[in-house]
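Here are my notes on the model you sent over. Have it open while you read, and go through the points in order.

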Amino acid sequence: MAVVFSYTACRQLSQMFAAIIFFHGSEYILAVGIHGKSNVTLKSLLISKNYLVAMIFSLLEYLIEYILFPGMKEHWWVSNWGLGLLIIGEIIRKMAIITAGQSFTHLIRVHHSEHHQLITNGIYRVVRHPGYCGFFIWSVGTQIMLCNPISTIAFTLVVWRFFAQRIPYEEYFLRQFFGLQYEEYARQVPAGVPFIK
């Protein structure tokens, strides 16, 4: 049985693939531009086994719901809201990377290096972890854009849980590196991911 996609489905799926390609491609290009090609690996694309499973699950959900309940995918205002969130998340994350420059890495630093500075200007004035904030909004936005109710809930919970574990771990080292300066900064600026101090 061949599935014939409507205009809405073609639009949603093409936006999803474009968002994924742009997100990961720009992450890699920025990492190479900031850190140099010799210091960047394919891990800078941020594609893990769990990430691939999540994206495949979301596409399967989309296809199953499209076949069984095609009207469910026709809520343009929901899809456009998700697209808006996706764009906002992308902008926040890229602002974080560009503002932090060499201080932004995809892996948590456990040793202080000479060019690692505490960044508190730009987007970091309003959000302590704008890279995480941006990814959280982007990832949930992708699922709202696809009108995927199950994946929207799953992405929200899984990504939030990931950052709920990662942020305290990263902040432990930031406190080691920057001491009272980081303590004061953390008191004044929210983490940027809901319900995480």
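1. Start with the helix that gives the most to the lining of the largest pocket: that is α5, with 17 residues. Keep in mind that we're looking at a predicted model. α5 covers residues 149-188, and it isn't alone here, since α2, α3 and α4 (130-145) each supply at least two lining residues as well.

2. Now the pocket itself. The space in the largest pocket comes to about 1300 Å³. Its lining counts 47 residues. If you want to find the middle on screen, pick out His106, Tyr132, Phe162, Phe163 and Arg166, which lie nearest the centre.

3. What sort of residues line that pocket? The split is 29 nonpolar, 11 polar and 7 charged.

4. There's also 1 cavity of 30 Å³ or more in the structure, and about 40 Å³ of space lies in it. Lining this cavity are Glu27, Leu30, Ala31, Ile34 and His35, along with Ile97, Gly101, Phe104 and His106. By class, that makes 5 nonpolar, 3 polar and 1 charged. Note that His106 turns up here and also among the residues nearest the centre of the largest pocket.

5. Which helix gives the most to the cavity lining? It's α1, residues 7-35, with 5 residues. From first C-alpha to last, the 29 residues of α1 reach 41 Å, close to the 42 Å expected at 1.5 Å a residue. After α1 comes Gly36, with a positive phi near 90°.

6. Go back to Glu27 for a moment, one of the cavity-lining residues. Glu27 forms a salt bridge with Arg93, and their closest N and O atoms are 2.7 Å apart. This pair links distant parts of the chain: Glu27 is in helix α1 and Arg93 in helix α3, 66 residues apart. The count for the structure comes to 8 salt bridges.

7. Last, have a look at the surface. A nonpolar patch of about 990 Å² is made by Val3, Phe5, Ile47, Leu52, Ile56, Leu60, Leu63, Ile64, Ile67, Leu68 and Phe69. Where does Phe69 sit? You'll find Phe69 in the loop between α2 (49-68) and α3 (76-100).

Terms used: Residues numbered from 1 in each chain as written. Predicted model: local features only at pLDDT ≥ 70, side-chain atom pairs only at ≥ 80, totals over all residues. Heavy atoms only, no water. Patch = residues over 30% accessible without salt bridge, like charges linked within 9 Å, V, L, I, M, F, W, Y side chains within 5 Å. Areas by Shrake-Rupley, 256 points an atom, 1.4 Å probe, with all protein chains shown as cover. Salt bridge = Lys/Arg side-chain N within 4 Å of Asp/Glu carboxyl O. Helix = DSSP H or I, 4+ residues; strand = E, 2+ residues; numbered from the N terminus. 1 Å grid on protein atoms, 1.4 Å probe; cavity = no way out; pocket = protein on both sides within 12 Å on 5 of 7 lines; lining within 4 Å. Points joined across faces, edges and corners; volume = space filled by probe spheres on them. Nonpolar A, V, L, I, M, F, W, Y, C, P; charged D, E, K, R; others polar. Expected span 1.5 Å × (residues − 1).
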